[in-house]
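Biologist: I'd like to go through this chain with you before our meeting. Could you put the sequence and the model up, please?

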Amino acid sequence: MSTKTALIVIGRYKDEWNKLSQTQQADFVERVGRTAITLGLTPITGYRLTATPGAFIEIWEGTGIDSIDLVVKNFEALGYARYVDARWMVGKREHVDVAAK
């Protein structure tokens, strides 16, 4: 059994986001995803929160808090806060590797 650490992002796109073209938005989302994956996180799930236009929740998982902290710092360096009002939360869960048994 191992422990997985999650970065849980609850966000809402700011007005500045809507000033970007669809191509610019897609490029930014791609950079965010590539950054997280390169730094060791795995995308677990994501939802648009339809009751609140522009809001979303994403969950990324890694092996420890150090990788989560590094990803958040890199998101900030990408200008994440310019486009997204985000709340960063960290969670943990026990993970059983069934294949290893």
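Biologist: Let me start with a side chain I was just looking at: is Arg34 buried, exposed or partly exposed?

Modeller: Keeping in mind that this is a predicted model, Arg34 counts as partly exposed, with a relative accessibility of 44%. Its side chain meets that of Glu30 in a salt bridge, at 3.3 Å from N to O, and Glu30 is likewise partly exposed, at 45% relative accessible area.

Biologist: And how are Glu30 and Arg34 placed in helix α2?

Modeller: The two residues are four apart in helix α2, so about one helical turn separates them.

Biologist: How many salt bridges are there in the structure?

Modeller: There are five salt bridges in the structure. One of them joins the side chains of Glu61 and Arg93, with an N to O distance of 2.6 Å. Because Glu61 belongs to strand β3 (residues 55-62) and Arg93 to strand β4 (residues 84-95), this pair ties together parts of the chain that are 32 residues apart in sequence.

Biologist: What about the accessibility of Glu61?

Modeller: Glu61 counts as buried, at 11% relative accessibility, whereas its partner Arg93 is partly exposed at 39%.

Biologist: Which residues are linked in a network of salt bridges?

Modeller: Glu16, Lys19 and Arg82 are linked in such a network. Within it, the side chains of Lys19 and Glu16 meet at 3.6 Å, N to O; Lys19 is exposed, with 63% relative accessible area, while Glu16 is partly exposed at 26%.

Biologist: Changing topic to the rings, how many aromatic pairs does a search of the whole structure find?

Modeller: Nine aromatic pairs turn up when the whole structure is searched. For Tyr13 and Phe56, the ring centres are 5.1 Å apart and the planes stand at 35 degrees, so this pair is classed as tilted. The pair links distant parts of the chain, since Tyr13 sits in strand β1 (residues 2-13) and Phe56 in strand β3, 43 residues apart. Phe56 is buried, at 6% relative accessibility, and Tyr13 is partly exposed, at 29%.

Biologist: And are the rings of Phe75 and Tyr80 stacked or tilted?

Modeller: Their planes are at 10 degrees and their centres 5.3 Å apart, so the pair of Phe75 and Tyr80 counts as stacked, the cut-off for stacking being planes under 30 degrees apart. Both partners are buried: Phe75 has a relative accessible area of 0%, and Tyr80 comes to 4%.

Biologist: Which residues form the aromatic cluster?

Modeller: One cluster is formed by Tyr13, Trp17, Phe28, Phe56, Phe75, Tyr80, Tyr83 and Trp88, which takes in both of the pairs we have just discussed.

Biologist: Back to helix α2 for a moment, what is Thr35 in contact with, apart from its neighbours within four places in sequence?

Modeller: With those neighbours set aside, Thr35 is in contact with Asn74, Phe75 and Leu78, so Phe75, buried at 0% relative accessible area, is one of the residues that Thr35 touches. Thr35 lies in helix α2, which spans residues 22-38, and is itself buried, with a relative accessible area of 15%. A polar atom of the Thr35 side chain also lies 2.7 Å from the backbone oxygen of Arg31.

Biologist: Now the outside: which residues form a nonpolar patch on the surface?

Modeller: Ile10, Tyr47, Leu49 and Met89 form that patch, and together they have about 350 Å² of accessible area. Tyr47 is placed in strand β2 (residues 42-49) and is exposed, at 52% relative accessible area.

Biologist: What pattern does the whole protein chain follow along the sequence?

Modeller: Along the sequence the chain reads β-α-α-β-β-α-α-β, with four helices and four strands. Its C-alpha atoms fill a box of roughly 50 × 30 × 20 Å along the principal axes. Of the contacts between residues at least 6 apart in sequence, 74% join residues at least 24 apart.

Biologist: And how much of the chain is buried?

Modeller: Buried residues account for 30% of the 101 residues. The accessible surface of the chain is about 6,700 Å², and 53% of that surface belongs to carbon and sulfur atoms.

How values were computed
Residues are numbered from 1 along each chain as its sequence is written. This is a predicted model: local features need pLDDT of at least 70, side-chain atom pairs count only at pLDDT 80 or more; totals for chains, interfaces and linings use all residues. Side-chain values use heavy atoms; hydrogens and water are left out. Patches are made of residues with over 30% relative accessible area and no salt bridge: like charges are joined within 9 Å, nonpolar side chains (Val, Leu, Ile, Met, Phe, Trp, Tyr) within 5 Å. Accessible areas come from the Shrake-Rupley method with a 1.4 Å probe; for residues, only the protein chains shown count as cover. A salt bridge is a side-chain nitrogen of Lys or Arg within 4 Å of a carboxyl oxygen of Asp or Glu. Buried means under 20% relative accessible area, exposed over 50%, partly exposed in between (1.4 Å probe, protein chains only). A polar contact is a pair of N or O atoms within 3.5 Å; within protein, one must be able to donate a hydrogen and the other to accept it, and residues adjacent in sequence count only if both atoms are side-chain atoms. Contact means heavy atoms within 4.5 Å. Rings of Phe, Tyr and Trp (its six-membered ring) pair if their centres lie within 6.5 Å; planes under 30 degrees apart count as stacked, over 60 as edge-to-face and the rest as tilted.
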